Amino acid sequence: MLAQENRFDIVMRRTATILSVVIITFSLIAASTGILLSIYYEPASGRAYQSLKMITEEIQYGWLFRKAHHIAGNGIIVAALIQIVVMFLGRKFTKSWYTAWVSGIFLTLTVIGLSWTSMILGWDQVGFWRFNIELGTIEVIPFIGQQLREILTGGSGVSTLTVQRLYTIHSYILSTAAIILSVVHLVSVLWVEKQVSSPQELVQGVGASVAES
């Protein structure tokens, strides 16, 4: 069955491989720039905005690291969503693609979570009010809504404790998960690429030998 891949299947498989490399590249850029930003960032309601402003205006190349972090974060989301579409269109539903599917889906959810948790970290007007609106949406979730809201905010209102909790979730939990998932996704896609390419090369080599004889 591997030798019966048509041109469309090959293009989709190669595209998935390229996208997996793009995803891990963006992940490493986001992680490295995030570490650099964390040196000066202060996760406190009264200092978060000022610290980011200082990074942008006073720290050498701070604006570049902040911009690269933002672009890389959005780039992972876009690339991960396109990857899922590519795997779907390429009909990659065999058992060998199982790990790629699972890691790809969880990676997409993780980077969306990273984007969501960064909403309040800038402590600007847009992020603050948007976060409060979404907290209202979370609160109406049956059974766990109120408890989940209190876990995220650390109390009844949005405060320094809220920023610190979301900063911890963003910088340690979700970022680590995104790196691990991007590595797993890349390895799984490369493994499939190797498994598919080797039999095809073998078939082509046998065909060439028969033609020469």
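Which helix is Thr110 found in? Thr110 is found in helix H4. I start there because the residue is a plain example of a buried position: its relative accessible area is 10%, and buried means under 20%. One thing to keep in mind throughout is that this is a predicted model.

Staying with Thr110, what does it touch? Leaving out residues up to four places away in sequence, Thr110 touches Leu174, Ala177, Ala178 and Leu181.

A second buried residue is Ser27, at 4% relative accessibility. Ser27 has its place in helix H1. Its contacts, with neighbours within four places in sequence set aside, are Ile76, Ile179 and Ser182.

Next, the nonpolar cores. The largest nonpolar core has 16 residues. Within this core, the residues that touch the most other members are Tyr41, Ile120, Leu121, Phe131, Leu135 and Leu166. Which elements give two or more residues to this core? They are H2, H5 and H7.

Take Ile120 from that list. Not counting its neighbours within four places in sequence, Ile120 is in contact with Gly127, Phe128, Phe131, Val158, Val163 and Leu166. Two of the names there, Phe131 and Leu166, also appear among the core residues that touch the most other members.

Apart from the largest core lies another core, of 13 residues. Among its members are Ile77, Val111, Leu114 and Ala178. Ala178 came up earlier, as one of the residues that Thr110 touches.

Now the largest pocket. Its volume is about 1,200 Å³. How many residues line it? The lining is made of 38 residues, and His69, Leu114, Ser118, Leu121 and His170 lie nearest the centre of the pocket. Two of these have been named already: Leu121 belongs to the largest nonpolar core, and Leu114 belongs to the core of 13 residues.

Several helices contribute to this lining. Those that each supply at least two residues are H1 (7-38), H2 (48-57), H3 (62-89), H4 (98-117), H5 (125-139) and H7 (160-212). Which of the elements gives the most? That is H7, with eight residues. Sorted by class, the lining of the largest pocket has 19 nonpolar, 15 polar and four charged residues.

On to the aromatic rings. The count comes to seven aromatic pairs. One of them joins Phe88 and Phe93: the ring centres are 5.9 Å apart and the planes stand at 70 degrees, and over 60 degrees counts as edge-to-face, so this pair is edge-to-face. Is Phe93 buried or exposed? Phe93 is exposed, because its relative accessible area is 52% and the cut-off for exposed is over 50%.

Another pair is formed by Trp123 and Phe128. Their ring centres lie 5.4 Å apart with the planes at 70 degrees, so this pair is edge-to-face as well. Trp123 counts as partly exposed, at 22% relative accessibility. Phe128 is also partly exposed, with a relative accessible area of 22%. Phe128 was on the contact list of Ile120. There is also a cluster, in which ring pairs link Tyr41, Tyr167 and Tyr172. Tyr41 has been mentioned before, as a member of the largest nonpolar core.

Back to Trp123 for its backbone. Where does Trp123 lie? It lies in the loop between H4 and H5. Trp123 has a positive phi of about 50 degrees although it is not a glycine.

Phe143 has a positive phi too, about 75 degrees, and is not a glycine either. Phe143 sits in the loop between H5 and helix H6 (145-153). At 81% relative accessibility, Phe143 counts as exposed.

Pro142 lies in that loop between H5 and H6 as well. It is exposed, with a relative accessible area of 56%. How far apart in space are Pro142 and Trp101? From C-alpha to C-alpha the distance is 30 Å, and in sequence the two are 41 residues apart.

For the last residue, I turn to Gln195, which is found in helix H7. Gln195 is partly exposed, with a relative accessible area of 37%. Gln195 and Ser96 are 99 residues apart along the chain, and their C-alpha atoms are separated by 9.1 Å.

Notes: Residues numbered from 1 in each chain as written. Predicted model: local features only at pLDDT ≥ 70, side-chain atom pairs only at ≥ 80, totals over all residues. Heavy atoms only, no water. Phe/Tyr/Trp six-rings, centres within 6.5 Å; stacked < 30°, edge-to-face > 60°. Buried < 20%, exposed > 50% of the residue type's maximum accessible area, 1.4 Å probe, protein only. 1 Å grid on protein atoms, 1.4 Å probe; cavity = no way out; pocket = protein on both sides within 12 Å on 5 of 7 lines; lining within 4 Å. Points joined across faces, edges and corners; volume = space filled by probe spheres on them. Helix = DSSP H or I, 4+ residues; strand = E, 2+ residues; numbered from the N terminus. Nonpolar A, V, L, I, M, F, W, Y, C, P; charged D, E, K, R; others polar. Contact = heavy atoms within 4.5 Å. Core = buried A, V, L, I, M, F, W, Y, C linked by side-chain atoms within 4.5 Å.
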